[in-house]
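Got a minute to go through this one together? Have a look at the chain first, then we'll take it piece by piece.

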Amino acid sequence: MRKFRTGLVTAIATLSLIGVAAPAAAAPARATAAPTVVPWSASHGDATASGGRWLETRSGQFIPDVVVEGQLETTGTGCHAVWVQWRRDFFPFPWTQVASRCGAGTTPVTTRYYGYLPTVTGQLKVCRGQADQQDCGPSTSLTSWPVAQP
């Protein structure tokens with residue numbers, strides 16, 4: 001290890017002599033503002049899903065993700081599910097179930113679209129049952145503005 005450090009110091013000194021700057025100390029972390037959370041909700045029958053959505057940039061990434069979090073609350077005895085569909089450049093991805101609940105109570109809803117661009121849209125809906133989307137409430141947008149970057 002000592003030989004490595006000595007070699008590194010010699011290399012940096014040599015680079016400095018020929019006009020190449022030594023690596024600077026890491027810049028202090030930039031304080032990020034809290035994201036602007038936009039509420040969303042969808043319901044069907046005796047089930048309601050609601051929460052917030054926002055854009056979040058992961059460390060080392062330049063393009064933000066759309067983050068959707070909330071809960072599915074049911075008051076009856078039947079089953080309900082939350083389904084999400086993302087669309088990019090007019091090409092729809094399949095509907096995906098992101099939460100389900102049978103009986104009264106609450107279940108967390110969480111999903112994320114990695115690499116959000118202005119040509120990405122998303123929608124969410126609540127459906128009766130868990131197997132399909134034959135009996136659903138109206139869809140709600142997950143990408144309508146004001147979703148703002150921090």
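**Strands, core and disulfides**

Q: Is C102 buried, partly exposed or exposed?
A: C102 has a relative accessible area of 40%. The cut-offs are under 20% for buried and over 50% for exposed, with partly exposed in between (1.4 Å probe, protein chains only). At 40%, C102 therefore counts as partly exposed.

Q: What kind of model are we looking at, and how are its residues numbered?
A: It's a predicted model, where local features need pLDDT of at least 70, side-chain atom pairs count only at pLDDT 80 or more, and totals for chains, interfaces and linings use all residues. Side-chain values use heavy atoms, leaving out hydrogens and water, and residue numbers run along each chain as its sequence is written, starting from 1.

Q: How many helices and strands does the protein chain have?
A: Both are DSSP runs numbered from the N terminus: H or I over at least four residues for a helix, E over at least two for a strand. Read from the N terminus, the order is α-β-β-β-β-β-β-β-β-β. That gives one helix and nine strands.

Q: Which residues of β1 point to the buried face?
A: In a regular strand, side chains alternate between the two faces of the sheet. Strand β1 covers residues 38–44, and P39, S41 and S43 point to the face that is not buried. On the other face sit the buried ones: V38, W40, A42 and H44.

Q: Which residue takes a positive phi in the hairpin of β1 and β2?
A: Strands count as paired if DSSP finds at least two bridges between them. β1 and β2 (residues 47–56) run antiparallel with seven bridges, and P39 has G52 as its bridge partner. Two residues lie between the strands of this hairpin, and the one with a positive phi near 60° is G45.

Q: How many bridges join β3 to β7?
A: β3 also pairs with β2, antiparallel, through 10 bridges, with L55 opposite V66. On the β7 side, T74 has G105 as its bridge partner. β3 and β7 run antiparallel too, and their bridges number nine.

Q: Which residues touch the most other members of the largest nonpolar core?
A: A nonpolar core here is a set of buried Ala, Val, Leu, Ile, Met, Phe, Trp, Tyr and Cys residues joined through side-chain atoms within 4.5 Å. The largest one has 19 residues, and the top contacts belong to V82 and W86.

Q: Which elements give two or more residues to this core?
A: Nonpolar side chains tend to be buried together in soluble globular proteins. Here the contributors are β1, β2, β3 (65–74), β4 (79–88), β7 (105–113) and β8 (120–128).

Q: What is the S to S distance between C79 and C102?
A: A disulfide is a pair of cysteine sulfur atoms within 2.5 Å. The link of C79 and C102 is right-handed, with 105° about the S-S bond. It ties C79 in β4 to C102 in β6 (residues 96–102), 23 residues apart. The S to S distance is 1.8 Å.

Q: Which cysteine of the pair C127 and C136 is buried?
A: The sulfur atoms of C127 and C136 are 2.0 Å apart and form a disulfide, right-handed with 95° about the S-S bond. C136 is partly exposed, at a relative accessible area of 23%. The buried one, at 0% relative accessibility, is C127.
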